[in-house]
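Me: I'd like to learn how to read a structure like this one. Can we go through it feature by feature?

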Amino acid sequence: MSVQENNGLAGRSPAGSLSPEEAGTPLTVVPLRHPWRWAGAAAIAYVLLSIADLLITNPRWQWHTVWDYLFSEPVLLGVLATITLTVLAELVGISFGILLAIMRLSPNPLLSWSSAMFTWTFRGIPPLVMILFIYFFSALVPVLSIGIPFGPSIELVRTNTVITQTFAAVIGLGLAQAAYVAEIVRSGILSVTQGQTSAALALGMTPLQTMRHVIFPQAMRVIVPPLGNEVISMVKATSLVSVIAYMELLTTIQVIYARTFEQIPMLMVAVIWYGVLTTVLTIVQSRIETRLNKSAKNNPGARR
Amino acid sequence: MTDQIATGVPMVRARAVIKRYGHHDVLKGIDLNVVRGEVVCLIGPSGSGKSTFLRCINHLEHIDGGELAVDGELVGYRRQGNRLYELKPAEVCRRRREIGMVFQHFELFPHKTALENIMLAPQIVLGRKAQDVRAEAMALLVRVGLEDRAGFYPSQLSGGQQQRVAIARALAMKPKLMLFDEPTSALDPELVGEVLGVMRDLAEGGMTMVVVTHEMGFARDVADRVVFMDQGRIVEEGPPDAIFSRPQTERARSFLDRLVN
């Protein structure tokens, strides 16, 4: 008894300490009960069962129609067009975005300012409006020409022969994407400390070599997760080009149900394919992230 | 020894070097010669301009006045008549190759292993092949006592180990001058010794070194000359014995007194 009283623990937490007469008997541990977890689970189960009911018992889904069209040739061509459009728009978006990020970080105030203005403009315009605007650009400038601003110029080509549906779709989606990519890349570059640049330059690397071998590989770890999100968003954003009748997945689907009036099953075909594409991209993204984190996994971001 | 190393073109020649940040003069006219094989320690209170001066020597900072030359070549400029023309980045980089630098916070490249950190600059700056560089890089790791850490990433190394890899990385470019910017300030006290040991070996091997440091023991033992800076000026300089035992100026005396206590 005297040992317990003198060890200091009893004095510090009287509520948790054992009274002398209880010290010998084993005690039962009673876990805290969580009644709301059961209520929550019941509510979720109810919603899930209702959805299952809707999916299974409602004949108007016409699942056989979904299946008939899922791998039909026009739909597959539409999927291919969606993939192509995503790739092209991302090529424009990412390459132009990197250029904008480097311009933004340039010591030249005009470069930095114009990059900021571009981002401000294209973040402010809905991509849908942008696509339409580019598509109808010939109404503003019927003939493309090159020359001195406010001065003489040489007429090159009629605008309508250059701005096709594909052009309007790729440029409209790509430029909107570039504005976001620029911000993502800029924050990635800024996440690498100034000391890394000093170290690379002190070894005799040129600014370009420093960017390529030291700054960019480290910035990638910050850039890839949000950039992956952007690519996944782009897959779905391509459906906007149905407004200019570009034959990607959604336009194809609309053309079909305009003829057959099977809107719901045809839209389900679109939903399934968009789901497949985004799932594949999610897997690719997490693979890349795992590779990039290889060197950091033992001590992520410890030394800053 | 002193007579031998004092001959020829000085490795570093600074004349009236001025550096400003906005309206604040960080360096107010630095005159300093460092001869071949000499070890010079820069000491002084923080904010005295020691680190800034060091970064001017390899043109990480440009100077706003005076003249600074390494091995007879102006740093960052080309002289034609009475004009100094700022050099293109590629030319600045060529001159920096021969000046090694070690930083307070190591600045190893975190996405590369210890060995890759050492191999990177010879490969991409000098365009040498990986297999030729690898043996040299391994030899440098042996020299700093880390041959068993070649495949480790910086985050898996202690501070002292990281700094020794950083020294090896600078040596891989075969520099004729080494700059050390408070190389032990960010280290736990028990790790300081291993880094100073490597630096001591380097000094004994005849490397020309300019060291910004707060390690007075190292300065006393290894330096040929100690330079005391305060408020952007060199206040006092001389052999370590003279500076530490008989400081001539009040400022040096009070700085050293504070360090001892």
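**Salt bridges, a helix face and an interface**

Reply: Let's start with a charged pair: Arg200(B) and Asp221(B) meet through their side chains in a salt bridge, 3.6 Å from N to O. Keep in mind that this is a predicted model.

Me: Where in chain B do Arg200(B) and Asp221(B) sit?

Reply: They tie together distant parts of the chain: Arg200(B) is in helix α7 (residues 189–204) and Asp221(B) is in helix α8 (residues 216–222), 21 residues apart.

Me: And how do I tell whether Arg200(B) is buried or exposed?

Reply: You look at relative accessibility, where buried means under 20% and exposed means over 50%. Arg200(B) has 29%, so it counts as partly exposed. Asp221(B) comes out at 53%, so that one counts as exposed.

Me: Which residues does the network of salt bridges with shared partners join?

Reply: In chain B, Arg13(B), Arg15(B), Glu67(B) and Arg79(B) are joined into one network that way. Take one pair: Glu67(B) bridges to Arg13(B), with the closest N and O atoms 3.3 Å apart. Again distant parts of the chain are linked, with Glu67(B) in strand β4 (residues 65–70), Arg13(B) in strand β1 (residues 12–21), and the two positions 54 residues apart. Glu67(B) has 13% relative accessibility and therefore counts as buried, whereas Arg13(B), at 29%, counts as partly exposed.

Me: How far apart are the closest N and O atoms of Arg128(B) and Glu136(B)?

Reply: In that salt bridge they are 2.6 Å apart. Arg128(B) is partly exposed, with a relative accessible area of 25%, and Glu136(B) counts as partly exposed too, at 29%. Over all chains, the rule gives 24 salt bridges.

Me: Let's move on to helices. Why do residues three or four places apart point the same way?

Reply: An α-helix has 3.6 residues a turn, so positions with that spacing end up facing the same way. For a case here, take helix α7 (residues 127–135) of chain A, where the buried residues are Met130(A), Ile131(A) and Ile134(A). Looking down the axis of α7(A), you see them fall within an arc of 100°, so they line one face of the helix.

Me: What do the buried residues of α7(A) pack against?

Reply: Their packing partners are α6 (109–124) and α9 (165–190) of chain A.

Me: How would I read a single buried residue, say Val165(B)?

Reply: Check its accessibility, then its neighbours. Val165(B) lies in helix α6 of chain B and, at 0% relative accessibility, counts as buried. Setting aside residues up to four places away in sequence, Val165(B) touches Leu108(B), Ala114(B), Asn117(B), Ile118(B), Leu141(B), Leu146(B) and Leu157(B).

Me: Last one, the interface. How many residues of chain B are in contact with chain A?

Reply: There are 29 from chain B, in contact with 23 residues of chain A. Next, ask how much area is buried and which atoms supply it: here it's about 2200 Å², with carbon and sulfur atoms giving 61%. On the chain B side, α3 (89–96), β8 (99–102), α4 (114–124) and α6 (159–171) each supply at least two residues. By class, that side has 17 nonpolar, six polar and six charged residues.

Me: What does the rule find for salt bridges across the interface of chain B and chain A?

Reply: Zero. It does find five residue pairs in polar contact across that interface, both residues at pLDDT 80 or more.

Notes:
Residues numbered from 1 in each chain as written. Chains lettered and ligands numbered in written order. Predicted model: local features only at pLDDT ≥ 70, side-chain atom pairs only at ≥ 80, totals over all residues. Heavy atoms only, no water. Contact = heavy atoms within 4.5 Å. Buried area = accessible area lost by both parts, 1.4 Å probe. Salt bridge = Lys/Arg side-chain N within 4 Å of Asp/Glu carboxyl O. Polar contact = N/O pair within 3.5 Å; in protein donor to acceptor, adjacent residues only side chain to side chain. Helix = DSSP H or I, 4+ residues; strand = E, 2+ residues; numbered from the N terminus. Nonpolar A, V, L, I, M, F, W, Y, C, P; charged D, E, K, R; others polar. Buried < 20%, exposed > 50% of the residue type's maximum accessible area, 1.4 Å probe, protein only. Arc of directions from axis to C-beta.
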